[in-house]
Amino acid sequence: MSSNKVENVPEISISFGGFTAMEIETHKVCLPPNKTVFQSLKHNFSEIFFPDDPLHKFKNQKPIKKFLLGLQYFFPILQWGSDYGFQLLKSDVISGLTIASLAIPQGISYAKLANLPPIIGLYSSFVPPLLYAVLGSSRHLAVGPVSIASLVMGSMLREAVSPTQDPALYLKLALTATFFAGVFQTSLGVLRLGFIIDFLSKPTLTGFTAGAAVIVGLQQLKGMLGITHFTPKMQIVNVLSSVFTTTKEWSWQTAVMGICFLIFLLATRHISIKKPRLFWISAAAPLTSVFLSTVLVYAFRAHTSAISTIGHLPKGLNPPSANMLYFSGTHLALAIKTGIICGILSLTEGVAVGRTFASLRNYQIDGNKEMIAIGVMNMAGSCTSCYVTTGSFSRSAVNFNAGAQSAVSNIVMAATVMITLLFLLPLFYFTPNVILAAIIITAVIGLVNYQEAIKFWRVDKFDFLTCLIAFFGVLFLSVQMGLAIAVGVSIFKILMNVTRPATVVLGNIPGTQIFQNVGRYADATRVPSFFILAIESPICFANSTYLQERILRWVREEEERIQTNKEQDMKTVILDLTAVTAIDTNGLEAIVEIRKMLDKRSYKLVLVNPVGQVMKKLESSRTLELFAEKGLYLTVGEAIADISKRFKIEV
């Protein structure tokens, strides 16, 4: 949409065809201030990589102050730690204990989802939260393993290495993938390349997450039914086939226990959704389920031999694992690829969750600092027996509702996990695996956001298509293929928007000097003898040929319309460049070619309101010389008024 309005009161008016062309002062279109090559490069570099101006706090500060601000920038805990008090600590202790009750069973469950030993999930809920508390800028982000990253890592690594036949190699690859995920995330933050994750559009993530949630839920039928021989494949057809071809392995005791606790977990989740003040019910439900199911299995262990349990978990804090990182061999490429994909997904979730809760409390987080914090904790985690971690939406929501005031809640959670690792692990020996499956199913149900898909259908059909492609790609192909196809579709959409930009015909709103799209505004009328077109995108090599052909087609169609309606002949074509934010050499050549072709048809081409950078390139390329003195105007109204007066156009 383009609009031009002249607010000055005219002295003389010329009326024709229902439009009043005001005799007003014609303003000159000015060039932007002249900049050196260095100044231009500096400005462009700053706008691309430093749009938030992170160094503004350092201006006009003494060296010692700059040093302190630098420490606070890299270690946000130093910024808010000096003002920390007992009241804040009390709130953070309560919220930290609350999320710990959720993090412990989720950590064990998500580790099994990634085909890793359950203890790895607890290790991953200890070291990373401590590091994030020092480096992170979000007050409410609760750090730990998440379902999507666990699922992707498990599905990608299992295609090449069996976690049951070669668990040592599988664990090495998982730790190595975590290391490369951290390297990738940190690199994005240091180089300020966070815009790369924006290629994962919301429709892509919504469809991918929903598809992954369905697959994850179906995979848990193995634990819910007590099946021992289950397919390692992730496609929905293979999973369902494996479920119904192993009916002889189904355990009714396992199924009954699983269904009962699943109903309990879903009921508590429903209560918390309906009454947010009762969030603690759903937060405590997983640990309560673990406790009750463990007691039941232990009490009736003579009659529950068919129900598999977690078994022995080694006590003690995270053992070092730097020596287990896998930097050579046939599977190195797989570890790097898995790490990058898991890194992107976990980074997207962590930054999005952090920004969501920051907006609810009216503070900002630095996306690039968050990337560095998440990346560093994953690199350190890979050396301390942890796998990929990030900010969890479910735990962060519980943390937020529990009244967390700072990242100290992560420290409290980590301390609780530490106590569990040191003293409480033997209590999990009789914990049934079916409870972990029920916890995972409850968690992933919330990832199927059908309301968002309905919104995509109402607002943008292409976004809805992208969502569906991601969803069905994950279900019927694979997790990574579904994601790759959906990203490809999103990039295709970007290319379509760039290569096929909108061009619209403008007409005058009667009684005003405003010009709008005639297809959008019914009262917008064409101005006799003038054909006004607006280009609504940058003009570059990708779309210059299309725009050239489309504009000439518009002119041809206008000629046919005039001939059919026997209206006054067209004499001037006006291109409104208000929405053209950039132009390259191909675009400049397209403007020249359009002018030449219109000259052959005896039409005058006029340009209106080119923005600063476009104007500068028109001038430096000498394209403006082709338009002489009266081929460039500030507004459509001024162009029509001046040309009408000079050539005395009459109806």
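Two strands count as paired where DSSP finds at least two bridges between them. The model examined here is predicted. On that criterion, six strands form an open sheet in the order E6-E5-E7-E8-E9-E10. The pairing within this sheet is mixed. E6 and strand E10 (632–633) stand at the edges, each with a single partner strand, so one side of each has no neighbour in the sheet.

Strand E5 covers residues 503–508. Six of its six residues are buried, so E5 is largely enclosed by the rest of the structure. In a regular strand, side chains alternate between the two faces of the sheet. In E5, Thr 503, Val 505 and Gly 507 point one way. Val 504, Leu 506 and Asn 508 point the other way. Residues of both sets are buried.

E5 has strand partners in E7 and E6. With strand E7 (residues 530–535), E5 runs antiparallel, and four bridges join the two. Within this pairing, Thr 503 stands opposite Ile 535, and Val 505 stands opposite Leu 533. With strand E6 (residues 515–517), E5 again pairs in the antiparallel sense, over three bridges. Asn 508 of the buried strand has Phe 515 in E6 as its bridge partner. E5 and E6 form a hairpin with six residues between the strands. In this hairpin, Gly 511 takes a positive phi near 85°.

Ile 535, the residue opposite Thr 503, also belongs to the lining of the largest cavity. The count comes to one cavity of 30 Å³ or more. The largest cavity holds about 30 Å³ of space. Besides Ile 535, its lining consists of Ile 539, Leu 547, Ile 551, Gly 587, Ala 590, Ile 591 and Ile 594. Helix H22 (544–565) and helix H23 (585–600) each supply at least two of the lining residues. H23 gives the most, with four residues. By class, seven lining residues are nonpolar and one is polar. Gly counts as polar in this scheme, so the polar member is Gly 587. No charged residue takes part in the lining.

Aromatic contacts were searched over the whole structure, and 11 pairs were found. The rings of Tyr 298 and Phe 430 have centres 5.2 Å apart and planes at 65°, so this pair is edge-to-face. Tyr 298 lies in helix H13 (residues 279–299), whereas Phe 430 lies in the loop between helix H17 (408–424) and helix H18 (433–445). The pair therefore ties together parts that are 132 residues apart in sequence. Tyr 298 is partly exposed, at 45% relative accessibility. Phe 430 is also partly exposed, with a relative accessible area of 25%.

Phe 471 and Phe 472 form another edge-to-face pair, at 5.1 Å centre to centre and 80° between the planes. Phe 472 is partly exposed, with a relative accessible area of 40%. Elsewhere, ring pairs link Phe 179, Phe 180 and Phe 327 into a cluster.

Rings also lie beneath charged side chains. The charged end of Lys 461 sits over the ring of Trp 457, 4.7 Å from the ring centre. Arg 595 lies over the face of Phe 627, at 5.8 Å from the ring centre.

Definitions and conventions: Residues are numbered from 1 along each chain as its sequence is written. This is a predicted model: local features need pLDDT of at least 70, side-chain atom pairs count only at pLDDT 80 or more; totals for chains, interfaces and linings use all residues. Side-chain values use heavy atoms; hydrogens and water are left out. Buried means under 20% relative accessible area, exposed over 50%, partly exposed in between (1.4 Å probe, protein chains only). Rings of Phe, Tyr and Trp (its six-membered ring) pair if their centres lie within 6.5 Å; planes under 30 degrees apart count as stacked, over 60 as edge-to-face and the rest as tilted. A charge sits over a ring if NZ of Lys or CZ of Arg is within 6 Å of the ring centre and within 35 degrees of the ring normal. On a 1 Å grid over the protein atoms alone, a cavity is a set of points where a 1.4 Å probe fits but cannot get out, and a pocket is an open set with protein on both sides within 12 Å along at least five of seven lines; lining residues have an atom within 4 Å of a point. Grid points are joined across faces, edges and corners, and a volume is the space filled by probe spheres set on the points.
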